[in-house]
Amino acid sequence: MQSKTKYNTISERKSGNLFMDKKTQAKKELDLYYASYHGEKKYVFGEGSLESGIVFIGEAPGADEEATGHPFVGKAGKNLSAFLNAAEIERSNIYITNAVKFRPVKINPKSHRASNRTPSQDEITAYREWLLKELCIARPKLVVTLGNTPLFAVTGNKSAKISDVHGSLIEYENSEYSLKFALMPFYHPAAVIYRRELVSEYEKDMVKFVEAAKALL
Ligand code: URA
């Protein structure tokens with residue numbers, strides 16, 4: 001899937017500059033959309049290229065992401081890069097964002113130190129509109145959710161479990177937001193580091209993802 005030309009997919013080659021222009025316009029729209037959000041929190045917005053039609057959605061920024069203002073840097077970025085390398089995708093060709101745009105933390109009462117925590121269902125629900133609007137602008141063809149949080153954020157289904165649906169290609173449609181794309185839920189790359197028993201499942205999912213990307217894009 002690595003490209004030698006400036007077009008990455010068949011549809012891009014077919015529609016040429018027209019497609020590129022639409023995506024450039026979408027990037028500008030996204031920038032404007034993000035610029036409309038000011039607040040006391042340090043937000044980390046999505047970034048990357050919209051041209052491949054592939055969007056990856058993680059859970060929420062961690063300390064490195066909060067410090068730099070970029071999604072999936074530091075250790076999480078390394079995990080994601082390993083994923084992308086295995087799937088022969090260049091990070092610069094895809095768009096990466098998070099379900100929740102700020103770093104959820106818990107404070108250790110003794111040390112007063114902040115550490116990452118999973119976003120609450122209320123937080124995920126509160127940021128869901130941001131995410132769905134972001135997807136409306138990005139217009140992806142294939143969305144990969146990494147872990148339970150973005151799966152819930154995209155589907156709105158609290159009972160959807162990554163262990164049941166990982167690696168499946170789901171036709172996602174949301175009439176309220178006029179969204180339609182193929183959704184492939186994955187385990188979060190960090191989960192695979194801690195739970196080695198997931199490695200073989202993950203590798204199988206990766207093969208399915210590469211097949212789906214080739215077929216769809
Ligand atoms: N960093 C991110 O940006 N997202 C995650 O899900 C984890 C770490």
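This is a walk through a predicted model of a protein chain with a ligand, starting with the whole chain and ending at single residues.

Let us begin with the overall picture. The protein chain contains 8 helices and 8 strands. It has 217 residues, and 33% of them count as buried. Now think about contacts between residues at least 6 apart in sequence: 73% of these join residues at least 24 apart.

The sheet is a good place to look next. Six of the strands, with mixed pairing, make up an open sheet of 6 strands in the order 1-3-2-6-8-7. Which strands stand at the edges? They are strand 1 (47–48) and strand 7 (170–174); each has a single partner strand, so one side of each is left without a neighbour in the sheet.

We can now cross the sheet, pair by pair. At one edge, strand 1 and strand 3 run antiparallel and are joined by 2 bridges. Here G48 has Y95 of strand 3 as its bridge partner. Strand 3 also pairs with strand 2, this time in the parallel sense, over 4 bridges. In that pairing you can find F56 opposite I96 of strand 3. While you are at strand 3, look at its two faces, because both are covered: Y95 and T97 are buried on one side, and I96 and N98 are buried on the other.

Further along the order comes the pair made by strand 6 (residues 142–146) and strand 8 (residues 179–186), which is parallel and has 5 bridges. Two places help you line up these strands by eye. L142 faces A182 in strand 8, and V144 faces M184 in strand 8. At the other edge, strand 7 and strand 8 run antiparallel, joined by 5 bridges. N174 stands opposite L179 of strand 8. Strand 7 and strand 8 form a hairpin with 4 residues between the strands, and in this hairpin S178 takes a positive phi near 50°.

Next, add the helices that pack on the sheet. Following on from the pairing of strand 6 and strand 8 over 5 bridges, helix 4 (residues 121–138) packs on the sheet, where it touches strand 2 (54–58), strand 3 (95–98), strand 7 and strand 8. The direction of helix 4 makes about 115° with that of strand 8. Helix 8 (residues 199–216) packs on the sheet too, touching strand 2, strand 6 and strand 8. Its direction makes about 160° with that of strand 8.

Helix 4 also meets another helix. Two packed helices are described by the angle between their axes and the distance between the axes. For helix 4 and helix 5 (residues 148–155), the axes come within 9 Å and cross at roughly 65°. The crossing of helix 4 past helix 5 is right-handed. Which residues meet there? From helix 4 come I124, R128 and L131, and from helix 5 come T149, F152 and A153. Sorted by class, this contact has 4 nonpolar, 1 polar and 1 charged residues.

Now turn to the ligand. The residues that surround the ligand are G58, E59, A60, P61, G62, E65, P71, F72, A76 and N98. By class, this shell divides into 5 nonpolar, 3 polar and 2 charged residues. You have already met N98, as one of the buried residues of strand 3.

F72, another residue around the ligand, deserves a pause. It is found in the loop between helix 2 and helix 3. F72 has a positive phi of about 50° although it is not a glycine. Is F72 buried or exposed? F72 is buried, because 28 other C-beta atoms lie within 10 Å, and 20 or more are enough to count as buried.

V73 lies in that loop as well, between helix 2 (63–68) and helix 3 (74–86). V73 counts as partly exposed, because it has 17 C-beta neighbours inside 10 Å. If we leave aside its neighbours within four places in sequence, V73 is in contact with D64, E65 and T68. V73 and P61 are 12 residues apart along the chain, and their C-alpha atoms are separated by 9.0 Å.

Our last stop is H112, in the loop between strand 4 (105–107) and strand 5 (114–116). H112 is a residue other than glycine with a positive phi, near 60°. H112 is exposed, because 7 other C-beta atoms lie within 10 Å, and a residue with 12 or fewer counts as exposed.

Technical notes:
Residues numbered from 1 in each chain as written. Predicted model: local features only at pLDDT ≥ 70, side-chain atom pairs only at ≥ 80, totals over all residues. Pairing = 2+ DSSP bridges. Contact = placed C-beta atoms within 7 Å. Axes fitted to C-alpha atoms, helices over the stretch in contact; angles between N-to-C directions. Left-handed = near helix turned anticlockwise from the far one by under 90°. Nonpolar A, V, L, I, M, F, W, Y, C, P; charged D, E, K, R; others polar. Near = placed C-beta within 6 Å.
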